[in-house]
Amino acid sequence: GNYPDSEIIVSSYAADLANRMNTNVQQIMDSHEYKRLFPNIRLPGSAGDPGRRVPGSKKKRTDEFFQLVGRNGSLRSAGVGGGITGMGFNLGIIDDPIKDAEEGASQTIRDNVWDWYLSTFYTRRTGFNTPGGGDNSARSLLTMTRWHEDDLAGRLIKLAKEEPDADQWEIIKIPAMSYGERTPGDPRKEDDVGLWEASTTLNTKELNTTRKNFPRHFWTSMFQQAPVTEGG
């Protein structure tokens with residue numbers, strides 16, 4: 001809405017999941033609330049006919065790609081390893097590049113994700129048209145469950161520490177049970193406090209029960225964002 005000329009790429013471990021996110025974005029943009037906020041931002045076609053084009057417009061709208069009418073903005077969704085060749089992004093989003101613990105434990109899959117990130121995703125970065133000037137570098141957002149110390153996030157964090165001139169990431173880490181150093185904005189002052197006391201599953205008592213039921217490496221990965229090697 002604020003940057004209608006921006007190009008966005010969204011990737012996940014499977015193309016159908018990335019496409020569901022794309023469809024969700026379109027549903028939000030078709031909502032009355034969104035149209036009130038951004039009355040000049042339009043998608044081709046209608047909510048009931050996403051394959052349709054606006055008369056006189058060559059803009060496209062499918063489950064995996066859409067453009068904005070009268071603007072340069074677009075959103076492409078693709079699976080990790082899928083084709084985004086020929087496209088650039090001002091904002092690149094990777095959501096869960098690894099499906100589960102089994103894939104996270106595979107050196108081959110972790111290497112494939114890393115190779116795809118460097119050779120395909122990273123090379124798609126283009127400048128960001130920032131109104132009024134300012135930092136115009138492309139943005140990247142990675143959201144994921146930390147299944148392994150050597151996953152994509154782990155490698156990027158390690159690279160940032162070893163190479164000061166490499167990309168430096170802002171890390172937002174909000175564990176289910178508080179421990180150690182807090183991410184700014186986390187109000188918990190003590191360790192072993194649940195994330196949300198009003199929740200039926202994320203309060204301290206229930207999380208303590210969950211922690212007892214889970215193997216340690218599953219608990220630290222799925223709930224704490226602090227992966228450890230099984231048996232390590």
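Buried here means under 20% relative accessible area, a cut-off worth keeping in mind for the close-ups below, which all come from a predicted model.

**View 1. Strand 1 sits among covered residues and pairs with two strands.**
By that cut-off, five of the six residues of strand 1 (residues 7–12) are buried, leaving the strand mostly covered. Strand 1 pairs with strand 3 (residues 74–79) in the parallel sense, and six bridges link them. To find your way along this pairing, look for Ser-11 opposite Ala-78 and for Ser-12 opposite Gly-79. Strand 4 (residues 91–95) is another parallel partner of strand 1, joined to it over five bridges. On that side, Ile-8 stands opposite Leu-91 and Ile-9 stands opposite Gly-92. As a reminder for reading such views, side chains in a regular strand alternate between the two faces of the sheet.

**View 2. Five strands make an open sheet with mixed pairing.**
Read across the sheet, the strand order is 2-3-1-4-5. The edges belong to strand 2 (65–67) and strand 5 (139–143); each has a single partner strand, so one side of each lacks a neighbour in the sheet. On average, and with direction ignored, neighbouring strands here are turned by 10 degrees against each other. Helix 1 (residues 15–30) packs on this sheet and touches strand 1, strand 2, strand 3 and strand 4. The direction of helix 1 makes about 155 degrees with that of strand 3. Helix 4 packs on the sheet too, touching strand 1, strand 4 and strand 5, and its direction makes about 165 degrees with that of strand 4.

**View 3. A hairpin joins strand 2 and strand 3.**
Here you can follow the chain from strand 2 into strand 3, with six residues between them. In the turn, look out for Gly-70, which has a positive phi of about 80 degrees. The two strands run antiparallel and are joined by three bridges. One pair to pick out is Phe-66 with its bridge partner Leu-75 in strand 3. Strand 3 has five buried residues out of six, so the rest of the structure largely encloses it.

**View 4. Helix 4 packs against helix 5 at an angle of about 60 degrees.**
The axes of the two helices are 9 Å apart. With that angle, helix 4 and helix 5 are therefore oblique to each other. From helix 4, the residues at this contact are Gln-107, Arg-110, Asp-111, Val-113, Trp-114 and Tyr-117, and they meet Leu-152, Arg-155, Leu-156 and Leu-159 of helix 5. Sorted by class, the contact has six nonpolar, one polar and three charged residues.

**View 5. A salt bridge links Arg-155 to Asp-111.**
Their closest N and O atoms are 2.7 Å apart. Arg-155 belongs to helix 5 (residues 152–162) and Asp-111 to helix 4, so this pair ties together parts that are 44 residues apart in sequence. How accessible are the two partners, Arg-155 and Asp-111? Arg-155 is buried, at a relative accessible area of 14%, whereas Asp-111 counts as partly exposed, at 27%.

**View 6. Two further salt bridges involve Asp-186 with Arg-188 and Arg-211 with Asp-192.**
Asp-186 and Arg-188 meet through their side chains at 2.8 Å, N to O, and both residues are buried. For Arg-211 and Asp-192, the N to O distance is 3.4 Å. Arg-211 lies in helix 6 (residues 204–213) and Asp-192 in the loop between helix 5 and helix 6, so this bridge ties together parts that are 19 residues apart in sequence. Arg-211 is partly exposed, with a relative accessible area of 26%, and Asp-192 is partly exposed as well, at 42%. Back at the helix 4 and helix 5 contact, salt bridges that share partners join Arg-110, Asp-111, Asp-150 and Arg-155 into one network. The count for the model comes to 13 salt bridges.

**View 7. Thr-120 lies in helix 4 (residues 107–121).**
Is Thr-120 buried or exposed? Thr-120 has a relative accessible area of 18% and is buried, because the cut-off is under 20%. Apart from its neighbours within four places in sequence, Thr-120 is in contact with Gly-82, Ile-84 and Asp-115.

Technical notes. Residues are numbered from 1 along each chain as its sequence is written. This is a predicted model: local features need pLDDT of at least 70, side-chain atom pairs count only at pLDDT 80 or more; totals for chains, interfaces and linings use all residues. Side-chain values use heavy atoms; hydrogens and water are left out. Helices (H or I, at least four residues) and strands (E, at least two) are DSSP runs, numbered from the N terminus. Buried means under 20% relative accessible area, exposed over 50%, partly exposed in between (1.4 Å probe, protein chains only). Contact means heavy atoms within 4.5 Å. Two strands pair if DSSP finds at least two bridges between them. Axes are lines fitted to C-alpha atoms, for helices over the stretch in contact, and angles run from 0 to 180 degrees between N-to-C directions. A salt bridge is a side-chain nitrogen of Lys or Arg within 4 Å of a carboxyl oxygen of Asp or Glu. Angles under 35 degrees count as roughly parallel, over 145 as roughly antiparallel, 65 to 115 as roughly perpendicular and the rest as oblique. Ala, Val, Leu, Ile, Met, Phe, Trp, Tyr, Cys and Pro count as nonpolar, Asp, Glu, Lys and Arg as charged, and the others, Gly among them, as polar.
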